[in-house]
Structures are given as C-alpha cells and as structure tokens.
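Hi everyone, thanks for making time this morning. I'd like to walk you through a structure that may be new to you, so please have a look at it with me.

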Amino acid sequence: MYAVFAVSVSDTVASIFGFKMLKLHLAKVSNSSVQTLRNQLHKTYRRYCSGNEKSAESIPGIAYSKLTIGVPREVFKNEKRVALSPAATALLTKKGFNVAVEEEAGIEAKFLNEEYAASGASLVSRDKAFGSDIVLKVRAPSSDEMGLLQSRANLISFVYPAQNKALVDELAKKELTVFAMDAIPRVSRAQVFDALSSMANIAGYKAVVEAANHFGRFFTGQITAAGKVPPAKVLVIGGGVAGLAAIGTAKSMGAVVRGFDVRPSVKEQIESLGAEFLQVNIEESGEGAGGYAKEMSPEFIAAEMALFAKQAKECDIIITTALIPGKPAPKLITEEMVKSMKPGSVIVDLAAEAGGNVATTVPGQLAKIHDVIHIGYTDLPSRLPTQASTLYGNNISKFLLSIGEKEHFNINLEDEVVRGSIILHEASTSLCTFSPIALMC
Ligand SMILES: NC(=O)c1ccc[n+]([C@@H]2O[C@H](COP(=O)([O-])OP(=O)(O)OC[C@H]3O[C@@H](n4cnc5c(N)ncnc54)[C@H](O)[C@@H]3O)[C@@H](O)[C@H]2O)c1
C-alpha cells in the first residue's frame, strides 16, 4: 500500500514540476520515508482545515445561505411597485440568499412569477413572505401586515419615521430591526442605494408626461403648411433631483423651459440642460445641510413670489418641486396667480404630499380650478411601476449586500450608511438571539 502511495505521490509531484530525477528518487524511497511524508501531509491537511474553519468562524454575521428574504405584494391603494425585480432577485440568489417572493407580487410592475422562479426565488404565500428573516418592502407595513412579521425579523422599506411615529412604536414592540430607505445618508458611497433620488427622478419625468397629456398643444413649436404653433413655456420651481428630471424631459420634448431654485449651485445644472435660470434681486443662499435647502427669509419668499406672479401670466405649464426636509412645503403659487394663467394651462405640484407649493392643489387628485388643470398625484413613481421597481430593486438589493461582508449579513453600526438608515435595532443587542442565528451561536 505504501509503495502505491509513494508512486502516486511521486507521479503527481513529478508531473507538476516536470523533474525526471526527482521522480526517480521518490520511486526509490523506503517505507519509513513514505510514513514520514504521509504524516507530514496529514498534519498540513489538518492545519489547512482548521485554518479554514477559523476563517469561516471569524467572518462576523450570518451566512446568506441561512437567511430567507421575503418579498410581499404591496397592497397600499394604487401601489403598483414591488420591492425586488427578477434581476435584483437573481443578484441576491447568486450571492447565496434564499428569496421567497409572494405569488403575483410583481404582477402590477409586469414581472411574472415565472421570471422570479427563473431568478432562483421560490413563490410563496403572503404569510410565508412576511415570515422571512429579512422582509423587503416599498411602503411601510400597514397594521394588518405588522401582524404577519416575525418578531425580531429585519425590515427594509420606506418608513419616513419622523412622520410615522405610531408605526415606529409598533415596529419597536415587535423588536424588529428596521432600515428606512428614506433615511439612507446622501453620501457618495450610498448613491447606489439612493431610492429617494431614483423615485424623484421618475416623478420628475412622469410630471412632464402627465402635463403633456393634459395640455392642448405640442410642447415643441411647429411651423407647417397648416400654420405656426409656438412651443409650450414650462416653469419648473425647485431644481433638485425631480426638478432637474422635469427640466430635462420638457426640454427634450421641445418646450421653452425656465427653472428656479434657492440654492445658487443649481444655476449651472439648470443651464447645462439648456433651460433658463431665473433669478431674484436678493442675495440669500438657500444652501442647507446635506445638499438640501433651508427655509428662506420672508423677504426672499416675497421676491420669488413676485417673480412667479409674472411667470404665471406667461407660462403654460408650471411644475413645482420645492421642498425643505422636515418642514411643510413652501406655498409659492397663490390662487391669484392660478387665476392669471391662460385657460388650459397645467400645474403639476410634486410637493402635494408635503402640503403642496400651490394654494389650490388637491393632494392626490386631478382637479380643474379656474380652467387650469391641477395634477396633485402623490404616487407618480408608482405610475411607472416597471421603471420604479427596477430601480428600487437595484437600490434595496445593493443596500442589503452592503450590510456585512463576505456573503454574511452583519449589522455594523460603525458603518455610517448603516448607522444613518437603521431606525430600530432589535431589543437585544446580540444578533445571536434571533432565528436562525440562534442555531449558530
Ligand atoms: N448622494 C448624493 O450626494 C445626493 C443625492 C441626492 C441629492 N443630493 C443633493 O440634494 C439636493 C436636493 O435633493 P432633492 O431633490 O431630494 O431635494 P428636495 O426634494 O428636498 O428639494 C427639491 C428642491 O427644492 C428646492 N427649494 C426648496 N425651497 C425652495 C423655494 N422656496 N423656492 C425654490 N426652490 C426651493 C431645493 O433647493 C431643492 O433643490 C440635490 O440637488 C443634490 O444637490 C445629493
């Protein structure tokens, strides 16, 4: 047996190194030398194995393969988005996660059950999807949905904790660990997880499409044998993510576009899209913390409103997107200004959910007031559900994969993105106490 072993070792080594002499030498080794060699190989093998066990043990957190991600169907009224697309599902299953998608969860976003199955997900009941270790959602859970979540599970979703205090208290009672997609810090590293920007970009685009749908003319001007038609004039108030998307879209449709913002840094961005940047004669910067706007002085607001009063008489479409984090939206377009607009003009108030920038907006509704169409929809991203779910799925899956490393889910509160977005961390500080980690610790 030792001779066979010696020959096979010698063959392997010799074939690797190609040294004929070494092969001959090894073929001649005695039984005791073979025994020594064998012992050494065993030792090396044991050292190699124990080293591997050690390195597996030393990766903090839970291996993806021990965790199930649940993707329930969204049931909030008119909500058509889903938290994970089939492509994002494939990314997570490839990394080792088990993914359980509720049957028909993607149907409104035009993602079929079969596509999820082909991406490695299992199609499950609603209870099962909610009963997963990590639940991914778009909308914060309703009180009915709360009952379906396992206590001490993880939830990643839009939450808006400042506006939803009662909900956060309920989630805390279940000792859930909750990450709010809306609270992810807007630092460069987290741009790939920035669902607020993804959704605002879609809202800006869709605002223009909706406006065009209700406006009686083309956006672009035309000179044909049948006559000359001027281009539509569009005013966009607020040049954040949504405002810039609206400006870009309206411009590409041929409209004459003007933009305004309280942050001077926006001027260049608006002009780079080919639009005109409007200005007031007051020196006051609206630059607040984290790239957001601050509340402006009453003098500044009065000056910009005087500017808008003039623009209202001239412009056919006004799209408002002005927001200040944690405050009601500033009221910038009065009823008088609306009355002064030409019949058939269109207003899209993207700030409707935060109270609206326009005095006459009806949040969530389409309304005709003083012969001006008011679009106050608060669900514009959901009105482009395939695009919105694709981008949200990318944001949420990449965010999930950033929590931990080396195929292990691990909440590291030293990570500024984790620390910024986590709004509840299960009552016990030890991750070893919740299933299935309990089995591993
Ligand atoms: N990852 C990142 O680094 C990152 C990501 C997203 C956004 N940002 C920064 O944050 C900015 C704002 O983001 P947002 O679009 O989510 O902002 P937002 O939706 O909170 O605000 C929309 C816009 O309204 C403007 N505004 C506020 N009050 C106004 C008023 N009285 N009149 C006119 N305009 C007014 C703001 O300046 C802002 O541009 C971005 O433009 C960018 O500079 C950074």
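Let me start with a question: which atom of the ligand lies 3.1 Å from a backbone N or O atom of Gly 240? It is an oxygen atom. Please keep in mind that this is a predicted model.

Let's stay with the ligand for a moment. Another short distance involves Arg 263, where an N or O atom in the side chain is 2.7 Å from an oxygen atom of the ligand. Glu 304 deals with a nitrogen atom of the ligand instead, with a polar side-chain atom 2.9 Å from that nitrogen. On its own, the ligand exposes 840 Å², and the protein buries 86% of that.

Who else is around? The shell has 25 residues, and among those that come nearest are Arg 186, Val 241 and Asp 261. By type, the shell splits into 13 nonpolar, 7 polar and 5 charged residues.

Now please turn to strand E11, residues 256-260. Four of its 5 residues are buried, so the strand is largely enclosed by the rest of the structure. On one side of the story we have strand E10, residues 233-237, which pairs with E11 in the parallel sense over 5 bridges. One of the partnerships there is Leu 235 with Arg 258. Helix H10, residues 241-252, joins E10 and E11 in a right-handed β-α-β unit.

E11 also runs parallel to strand E12, residues 276-277, with 2 bridges joining them. Here Gly 259 has Phe 277 as its bridge partner. From E11 the chain crosses through helix H11, residues 266-272, to E12, and this β-α-β crossover is right-handed too.

Thanks for listening!

Key:
Residues are numbered from 1 along each chain as its sequence is written. This is a predicted model: local features need pLDDT of at least 70, side-chain atom pairs count only at pLDDT 80 or more; totals for chains, interfaces and linings use all residues. Side-chain values use heavy atoms; hydrogens and water are left out. Buried means under 20% relative accessible area, exposed over 50%, partly exposed in between (1.4 Å probe, protein chains only). Two strands pair if DSSP finds at least two bridges between them. A crossover is right-handed if, with the strands pointing away from the viewer, the path from the first strand over the helix to the second runs clockwise. A residue is near a molecule or strand if one of its heavy atoms lies within 4 Å of it. A polar contact is a pair of N or O atoms within 3.5 Å; within protein, one must be able to donate a hydrogen and the other to accept it, and residues adjacent in sequence count only if both atoms are side-chain atoms. Accessible areas come from the Shrake-Rupley method with a 1.4 Å probe; for residues, only the protein chains shown count as cover. Ala, Val, Leu, Ile, Met, Phe, Trp, Tyr, Cys and Pro count as nonpolar, Asp, Glu, Lys and Arg as charged, and the others, Gly among them, as polar.
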